[in-house]
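Trainee: May we go through this structure together, beginning with the chain as a whole and ending with one residue?

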Amino acid sequence: MENGTPDRQLNEFPFRELSVGKARRNIRRLCFIFSVYLLTVCSWTASGQSQYQSSTDFAKFAVKLRENGLLNFKSKLGNTAGFTMADRALALNGGLGRGPWKIGIVTTVFWIGEHASANNPVSNDSSSWDPNWFSNYGGYDDPNFKSRKDFAPTSFLPRQNPFYVALPYNDVEGGHTKREAKEVIPWFKDAFVRDGQSILKGHWLAIRRGSRVCYAQWEDCGPFCTDHWQYVFGDQRPKANLNQNAGLDVSPAVRDYLGLSDIDVCDWKFVEVREVPPGPWAIWGQ
C-alpha cells in the first residue's frame, strides 16, 4: 500500500496540471467572449441613443413604421398579418372565455375626448378609473374616418390601446370597492389587490358581429349607468336608455374593425388575456 502511493501521486500530478491549465484557458476564453458581448451592447446602446435623442424622435420613427405598413393589420381576418390558422379559429370562435356570450346587445360608439351631449351626458376627457384619460392616452381619439389609419388616429401615436370599451358597471364607489363586487365579479379572488383599486380596468373582451370577432380592453363605465352588475355579470338585459337600450360602448377602432354603424348590434363576452390572439389590438399600450 505504501509503495503504491507515491507512484499514484506522481502519475496524477501531470493530470492535475493539465486540468488546471485547461480550466485557465476556458476562463480566458469566457472572459474574451464576455468582453466582445459587452462591447457590442455598449455600441448598440450608444447607437440607439444617438438615433433617438428623445421620445418625440422615437414616436416619429414609430409613425414611419406604421405608414410603411409594418404595423398595418388588415381588417379581414384572412389577410391579417401575424395570424396563424389556429389564431383565426380562436378569433372566430371568440375563445373559451369567462361565461357565455351576451347576445344581441345594442352597441354605440364613444371616444376619448368626446364632449358631453344629450346622448353622452359625461365628457370623455376622464374615465371612471382615470381622471387624466385624455392626456394618458395621448390626445383626441378622432372618430372621423379621414383622420384615422390602421385603427388609430393619425395625428399622434397613442400611448394606450385604441381598442377599448365601456360597460355599465363600476366596482369602485367613493374610493372604496363596492360591497357586492367580491360576490359578482368572476375573477375577484384572483385579481383583488386592495380596497378602492379597480380590478375591472383593462380586462379583455371579445366583441362579435356576424363571423368577425374583435378584442378590446375595458377602460370606462357606461353607457348611462355604472351599477348594473346583473347584466354585466349576470343574465339580465341592459337597462332602458336614450340610445335604444344600449349595453356596450366601443371605441372607433372596434367600430372600424367590425364595420359597425354608430348604433349597431353585437355579441360580447369576457376573455382571459391568454386567449387574446395576435391582432391590431396587441400593438399599442400595455
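**Chain, core and one arginine**

Mentor: In this predicted model, residues 24 or more positions apart account for 71% of the contacts (heavy atoms within 4.5 Å) in the protein chain with a separation of 6 or more. Local features need pLDDT of at least 70, side-chain atom pairs count only at pLDDT 80 or more, and totals for chains, interfaces and linings use all residues. Residues are numbered from 1 along each chain as its sequence is written, and side-chain values use heavy atoms, with hydrogens and water left out.

Trainee: Which strand gives the most residues to the largest nonpolar core?

Mentor: A nonpolar core is a set of buried Ala, Val, Leu, Ile, Met, Phe, Trp, Tyr and Cys residues joined through side-chain atoms within 4.5 Å. The largest has 50 residues, and Ile185, Ile207, Trp218, Phe233 and Trp268 touch the most other members. With six residues, the greatest contribution to this core comes from strand S8 (residues 212-221; strands are DSSP runs of E, at least two residues, numbered from the N terminus).

Trainee: Is Arg148 buried or exposed?

Mentor: Arg148 belongs to strand S2 (residues 148-149). Buried means under 20% relative accessible area and exposed over 50%, with a 1.4 Å probe and protein chains only. Because its relative accessibility is 9%, Arg148 counts as buried.

Trainee: Which side chain makes a polar contact of 2.9 Å with that of Arg148?

Mentor: A polar contact is a pair of N or O atoms within 3.5 Å, one able to donate a hydrogen and the other to accept it; residues adjacent in sequence count only if both atoms are side-chain atoms. The side chain of Arg148 makes such a contact with that of Asp256 at 3.5 Å. At 2.9 Å, the partner is Asp141.

Key:
Helix = DSSP H or I, 4+ residues; strand = E, 2+ residues; numbered from the N terminus.
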